[in-house]
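Biologist: I have a chain to go through with you. Shall we take it question by question, starting with the aromatic side chains?

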Amino acid sequence: MRTIKITLNALFLLALTLFHSSCTQKIYQIYEVESANLQSSNKEIIFSNNDCEISYNLWSATGNLDFLFKNKTEHDIYIDMTRSFFIRNGIAYDYYSDIEYTRTTTTMTSTSSAASLIMKNKDYYTTLWAPSNAIREIKVSAGQNIGAARSVTEKEAKYICIPAKSAKEIKSFNISDYIYYECGNNKFNFPGKKSETITYTKENSPLSFRNRITYFFDSNISNSIDNEFWIKSLTNYTQNEVIENVRAKNCIGSGETTKTVNKQKAANKFYNTYENTGGY
């Protein structure tokens, strides 16, 4: 009789665990971004003047402010990284932080190779809410045989040259990994499907950010571009509402392949995720 009781208790605990797991849903908080004096489409957000064109695609987890800087002129353009900043809710973060890094490449006697990257000082490509000042090391494809090693130490560039009639991609910051909750509004915080949408103006938006880029030609005269963005709306979706598998033609070979897409994807949006663990 004691054995039967223990078995029933175990089954009850298993059923409770499975029930709790089935109730836990992944929530996508979608941020829609508005911008000043920029043209927006599903694929990119573009700023343009007589000298250059700057294009963004914010879509990613935590938001991606990397940008493509296109030189429209017949002369080289130099971006002054010491006078360029990411500005979030009025706080400026330097693009140039005097990073020194050592890159080591090891060539093996076999076909294997290994590489490591050590970055010193501030790693400003992490999220702004969790900056890292520690040394960060990344190792790739370690080989089994001993071979010749070559190390190169470089310093971060103060100026980036964009040759005439060409473009370069410039790495930037993550926008935000913060999750917004509406106090007392569980239909928004823990939606069954799609929550109501909360809208903001430029004046009351909880998150605004700017990308300030300073550039010059061969002369001492510099120019500044200040691309400004703010959160226009927030909507929470369950994973089933935004994620779907679609069939697409296989470009290599024949037949079709399946890929996962987010139906909310757009250049002027980004997202963060959290778990619905028993709210509304």
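Biologist: Is Phe173 buried or exposed?
Modeller: This is a predicted model, so the answer is for the model. Buried means under 20% relative accessible area. Phe173 has 2% relative accessibility, so Phe173 counts as buried.

Biologist: How many residues apart are Tyr95 and Phe173?
Modeller: The count comes to 20 aromatic pairs. Tyr95 and Phe173 form one that is edge-to-face, at 5.5 Å centre to centre and 70 degrees between the planes. Tyr95 sits in the loop between β8 and β9, Phe173 in the loop between β14 and α2. The pair thus links distant parts of the chain, 78 residues apart.

Biologist: Which side chain makes a polar contact with the side chain of Tyr95?
Modeller: Tyr95 is buried, at 0% relative accessibility. The partner lies in the loop between β14 and α2. It is buried too, at 4%. The contact spans 2.7 Å, and the partner is Ser172.

Biologist: Is the pair of Phe209 and Phe229 stacked or edge-to-face?
Modeller: Phe209 is in strand β16 and Phe229 in strand β17, 20 residues apart. Phe209 has 0% relative accessibility and Phe229 has 1%; both count as buried. Planes under 30 degrees apart count as stacked. Here the centres are 5.1 Å apart and the planes at 15 degrees, so the pair is stacked.

Biologist: Which residue in β5 stands opposite Tyr56?
Modeller: Strands β4 and β5 pair in the antiparallel sense over 5 bridges. Tyr56 also faces Ile45 across the pairing of β3 and β4. In β5, the residue opposite Tyr56 is Phe67.

Biologist: Which side chains of β5 are buried?
Modeller: In a regular strand the side chains alternate between the two faces of the sheet. Along β5, Leu68 and Lys70 point to one face and are not buried. Pointing to the other face, and buried, are Phe67, Phe69 and Asn71.

Biologist: Which strands stand at the edges of the sheet?
Modeller: The open sheet has 5 strands in the order β2-β3-β4-β5-β14, with antiparallel pairing. β5 and β14 pair over 4 bridges, with Phe67 opposite Ile170. Each edge strand has a single partner, so one side is left without a neighbour in the sheet. The edge strands are β2 and β14.

Biologist: Which residues form one aromatic cluster?
Modeller: Tyr95 and Phe173 belong to it, and so do Phe209 and Phe229. Phe67 of β5 is a member as well. The full list is Tyr56, Phe67, Phe86, Tyr93, Tyr95, Phe173, Phe209 and Phe229.

Definitions and conventions:
Residues numbered from 1 in each chain as written. Predicted model: local features only at pLDDT ≥ 70, side-chain atom pairs only at ≥ 80, totals over all residues. Heavy atoms only, no water. Buried < 20%, exposed > 50% of the residue type's maximum accessible area, 1.4 Å probe, protein only. Helix = DSSP H or I, 4+ residues; strand = E, 2+ residues; numbered from the N terminus. Pairing = 2+ DSSP bridges. Polar contact = N/O pair within 3.5 Å; in protein donor to acceptor, adjacent residues only side chain to side chain. Phe/Tyr/Trp six-rings, centres within 6.5 Å; stacked < 30°, edge-to-face > 60°.
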